[in-house]
Amino acid sequence: MPVQAAPLGGATAPADEKSFADRTYAKVFWRLVPFLMLCYVVAYLDRVNVGFAKLQMSQELKFSETVYGLGAGIFFLGYFLFEVPSNVILHRVGARVWIARIMITWGIISGAFLFVNSEWSFYGMRFLLGLAEAGFYPGVILYTTSWFPAHRRAKVIAVFMAAIPISGIFGNPLSGWIMDAFNGAQGLSGWQWMFLIEAVPAVLIGLAVFFYLDNRPAEAKWLSDAEKELLERDIAADNRGKESSPHSIATVFRNGRVWFMSLIYFAFVTGQYGLTFWMPTIVKASGVQGNLNIGLISAIPFLCAAIVMVLFGLSADRMRERRWHLIVPALLGAVGFVVSASAGSTTIAVAALSVAAAGVLTCSPLFWSLPTAFLSGAGAAAGIALINSVGNLAGFVSPYVIGALRDATGSTAAGMYALAAMLVVGSVCVFVTPARMVNR
């Protein structure tokens, strides 16, 4: 007799069943996605706040631009090595336990950055932070496949990944303010206080994850039996459409489509981390003075990106079209990088960086609609992790190359042109991907 079970009965009108499904997915969305966003805001801030620390740390510890770029990028070597094992463990033990472990571990390591006093300690801590954080992002992507079918996932991932620009909108001014306000307190520099203070939320939220998340719909006490049945039926139907998915870890590594997806993601991540790791330096070079002012100006491109990436995600789900929703923002990002390289004023530079940020940060969430359209089960756990780990090697290459080019030329222009070229390469690869494989 439960009223909510009616939409699953055969006599119910399709409109009523759709209304029940929409209400159920809205309920799941508001229960999970804002909390996962909060987790990623903290994760991304702890990953890239080194870009702000550089403004003081490089001068105090006498780091060259190349040393900074290498240290920023070494994070992704640790990330690469533990990414696939981490996601396979998450698939076996569940998201609740494993995501909590990831967040608490990276919070502790991030706070320990206040002890960095040389190039090699910087390299070592960045490597350890990458090991600790490995598996978080692909784990969340995998987690969404247990709750949302393919045609509802682009919006979910886009909103989740809006955490990246949100971390920039709030994190950049916060980092600048901490560095100015706490510099010299208790004998510590501003950058040391920044690492310590911004590490605390990761540990606290990691503890909350253990009590808040459910591994799958069947375990969710906040769902009715009818709602659980709907979700499980939709996910099962979604997985039946993925017969060509690799079904083991070994077959994932031999699957050409997985490696092609890795190439596309590598191209897009090159632009993403080129932007986030060097944004404060680029803004400072345009003539902005003071860490707080640099943080406030740096927030503008991320605000633009947050709006654009959600709009594109909604449009991609509504139209069930994936390729052009990736190609267009990637090309816009390339244009933004090219214009920013030759900008003659702060206003033009920030406008161009806003276009670049909107384009390149929109690519990341929409990209995941491609591989999750054909990966399922254990193949999805390993495949998503492999794509993410290989793609995120760009996080090592990109900041290091830009740093080396800046040392060699005294300008970031060559680096911006390189980022634009990689976005064009990614666009071409998306264009040749068969529409029938990904438009779901």
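**Exercise 1. Place Val355 in the structure and classify its accessibility.**

Step 1. Val355 belongs to helix α15, residues 346-367; helices are DSSP runs of H or I with at least four residues, numbered from the N terminus.
Step 2. Val355 counts as partly exposed because its relative accessibility is 36%; buried means under 20% relative accessible area, exposed over 50%, and partly exposed in between, with a 1.4 Å probe and protein chains only.

The model is predicted: local features need pLDDT of at least 70, side-chain atom pairs count only at pLDDT 80 or more, and totals for chains, interfaces and linings use all residues. Residues are numbered from 1 along each chain as its sequence is written, and side-chain values use heavy atoms, with hydrogens and water left out.

**Exercise 2. Describe the nonpolar patch on the surface.**

Step 1. The patch is formed by Trp324, Val328, Leu331, Leu332, Val355, Val424, Val428, Phe431 and Val432, with about 760 Å² of accessible area together. Two or more residues come from each of α14 (324-341) and α18 (413-431).
Step 2. Patches are made of residues with over 30% relative accessible area and no salt bridge (a side-chain nitrogen of Lys or Arg within 4 Å of a carboxyl oxygen of Asp or Glu). Like charges are joined within 9 Å, and nonpolar side chains (Val, Leu, Ile, Met, Phe, Trp, Tyr) within 5 Å. Areas come from the Shrake-Rupley method with a 1.4 Å probe; for residues, only the protein chains shown count as cover.
Step 3. The most is given by α14, with four residues.

**Exercise 3. Work out the surroundings of Glu83.**

Step 1. Glu83 is part of helix α3, residues 65-93. With 0% relative accessibility, Glu83 counts as buried.
Step 2. Not counting residues up to four places away in sequence, Glu83 touches Ala134, Gly135, Pro138, Ala385, Asn388 and Ser389 (contact: heavy atoms within 4.5 Å).
Step 3. A polar atom of the Glu83 side chain lies 2.7 Å from the backbone nitrogen of Gly135. The side chains of Glu83 and Asn388 make a polar contact at 2.2 Å. A polar contact is a pair of N or O atoms within 3.5 Å; within protein, one must be able to donate a hydrogen and the other to accept it, and residues adjacent in sequence count only if both atoms are side-chain atoms.

**Exercise 4. Explain why Cys304 has no disulfide partner.**

Step 1. The whole structure holds zero disulfides (cysteine sulfur atoms within 2.5 Å).
Step 2. The closest cysteine sulfur to that of Cys304 is in Cys363, at 16 Å, which is too far for a bond.
Step 3. For Cys363, the closest cysteine sulfur is in Cys429, 12 Å away and also too far.
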